[in-house]
Amino acid sequence: MSAETLSRPLRLNAVSLAAALPGVALPAYDRDRITVGVVHFGPGAFHRAHQAFYFDRLLAQDPRWGICAVSLKSPGVRDALLPQDGLYTLAQLDAETRFQVVGSIVEVLVAPEDPPAVFARLAAPMTRMVTLTVTEKGYCLTGDGQLDVAHPDIVHDLANPREPVSAVGYIVEGLRRRFMAGLAPYAVVACDNLADNGWRLKAAVTAFAQSVDPALAAWIEAQARFPRTMVDSITPATDDALRARVEAATGLADAWPIQREAFTQWVVEDVLGPPSANGDAPDLASVGVTLTDDVRGFERAKLRLLNGVHSTIAYAGLLKGHETVFEAISDPDLARLAEDLMVQDIIPTLTAPRGLDLAAYGQAILGRFRNPEIRHLLAQIAWDGSQKLPFRILGTVADALAAGRPVDRLALPLAAWMHFVRRRAAEGVTIVDPLAERLVATAAACTGDAAADVAQFLKLEPVFSRELAGDAVLVAALVKAYGELG
Ligand code: CS2
């Protein structure tokens, strides 16, 4: 063996795992005994940081909950994880650093390459749960939360329900096959940052199924469970610095490690039924998941306080030339804005779930933003603003307006987003957003006159409902904020 070969670290996989450096946590179960109980759509960084981590814990006590991860579009995850036997490293970067190899993903499929393999998994009796992290836009909903029947993927899937391309289309086709086979439906667990995520998904799935077969829709309506959830763990995108750090810490080369903060939370609406010996429902509570009847309280608090303030400092921070959340929250003006928004504008719109002190929760979130170990790019959070702002900021705005409270500060993130869009469009930088084309056209119609520019943006109906766009108090606040930031 040449010196060069000797110095190159082994690639992480089922065999090399034994050579991981001491201190690296390894799967605490025999992976050969794992069966697939979960099909997951969208195995991006967040899934691998969060749900796959909880299932990894669960597998130590129950081997029926291995994950079949399904990418709806790109083969990237499969290409990285296949040579690694599905294994990857999760780095928890915080006051303490922890490296762990996660083993819960036992199969990775790329749906467009092999739809029958996906259908087979969905229709398998052992599959009891389908989870999703497909981002806000992956649900194909209209601005008011209904299935968007004009969305190209949904148009395609309604015309070809047996050859779907969307997550909703796959879920319905899988359920149809179970219905025909006399099997119980799987539970469908939406894990994206949408208010009432499970309910919205259930409505979309049922509406789709209605056009396929009304009896199927009625069966789904009556029998399938779509718990609402709140998911939380700050997970910046993987970069080469992380790859190098993971390699140094584990002694193994990982093509796609994942990083996150130590904090993680998963709150699931308690509708899945008791965990049972026949494997119908996983014992999520035993691995740290909160099961509750009041998921909405948790979900609103998290969406509005964490994600709302995240988006605020992303747009306002980028305008001020900052690159990361840590830099932005270290800017005293932005830190004050974040805190004032939380205390004066957002918390008054929330009802605390039992046991949650909202003021302390808000402070803890700001503390998490100050984690110096995490290099979370503002540009990443700025993606898909048209999809995120309605859930993160506009709900708070609507509640404040209804209560007769001022919305001047809440107008700042919205105005900052408008400037962000204009600036990117002017610089010819791609805007990552499903509405990118309309955003660029909107930016092109802007002149720099605050009232006229704001009016252009307010025409974007998937973002601003007609009611909000016509609200004189909000319009005045937006024009003022836009002028101040310009
Ligand atoms: C972030 C979220 O990228 C974003 O838009 O606001 O991904 C955030 O980090 C997570 O929701 C935290 O749980």
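**Reading a ligand site, its strands and two cysteines**

Modeller: Let's start at the ligand: one of its oxygen atoms lies 2.7 Å from a polar side-chain atom of Lys302.

Biologist: Before I trust that, what kind of model is this?

Modeller: The model is predicted: local features need pLDDT of at least 70, side-chain atom pairs count only at pLDDT 80 or more, and totals for chains, interfaces and linings use all residues. Residues are numbered from 1 along each chain as its sequence is written, and side-chain values use heavy atoms, leaving out hydrogens and water.

Biologist: Fine. What counts as a polar contact?

Modeller: A pair of N or O atoms within 3.5 Å; within protein, one must be able to donate a hydrogen and the other to accept it, and residues adjacent in sequence count only if both atoms are side-chain atoms. Besides Lys302, Arg392 puts a polar side-chain atom 2.9 Å from a ligand oxygen, and for an N or O atom in the side chain of Asn193 the distance is 3.0 Å.

Biologist: Which residues surround the ligand?

Modeller: Here, near means having a heavy atom within 4 Å. The surrounding set includes Asn193, Asp232, Ser233, Ile234, Lys302, His310, His376 and Arg392.

Biologist: I see Asp232 there. Which residue stands opposite Asp232?

Modeller: Gln265, in strand E12. First, the general idea: strands of a sheet pair through backbone hydrogen bonds, either parallel or antiparallel. Helices (H or I, at least four residues) and strands (E, at least two) are DSSP runs, numbered from the N terminus, and two strands pair if DSSP finds at least two bridges between them. In this case E9 and E12 (residues 265-269) pair in the antiparallel sense, over 4 bridges.

Biologist: What sheet do they belong to?

Modeller: An open one of 3 strands, ordered E9-E12-E13, with mixed pairing. E9 (229-232) and E13 (290-292) are the edge strands, each pairing on one side only. From one strand to the next the twist averages 15 degrees; axes are lines fitted to C-alpha atoms (for helices, over the stretch in contact), and angles run from 0 to 180 degrees between N-to-C directions.

Biologist: How many bridges join E2 to E7?

Modeller: There are 4, and E2 (residues 36-41) runs parallel to E7; Val39 has Val130 in E7 as its bridge partner. E7 also runs parallel to E8 (residues 187-190), again with 4 bridges, and Met129 stands opposite Ala187 there. Both faces of E7 are covered, with Met129 and Thr131 buried on one side and Val130 and Leu132 on the other. Buried is under 20% relative accessible area, exposed over 50%, and partly exposed in between (1.4 Å probe, protein chains only).

Biologist: Where is Tyr139 found?

Modeller: In the loop between E7 (129-132) and helix H6 (152-159). Tyr139 is buried all the same, at 1% relative accessible area. Contact means heavy atoms within 4.5 Å, and Tyr139 touches, among others, Leu132, Ala190, Cys191 and Asp192. The side chains of Tyr139 and Asp192 also make a polar contact of 2.7 Å.

Biologist: Cys191 has come up. How many disulfides are there?

Modeller: A disulfide is a covalent bond between the sulfur atoms of two cysteines. The test is a pair of cysteine sulfur atoms within 2.5 Å, and the count is 0. Cys68 is in none, its nearest cysteine sulfur being that of Cys191.

Biologist: Why is there no bond for Cys191?

Modeller: Because the closest cysteine sulfur, in Cys68, is 16 Å away, too far for a bond. Cys191 is buried at 1% relative accessible area, and Cys68 is buried at 0%.

Technical notes: Lists of a residue's contacts leave out its neighbours within four places in sequence.
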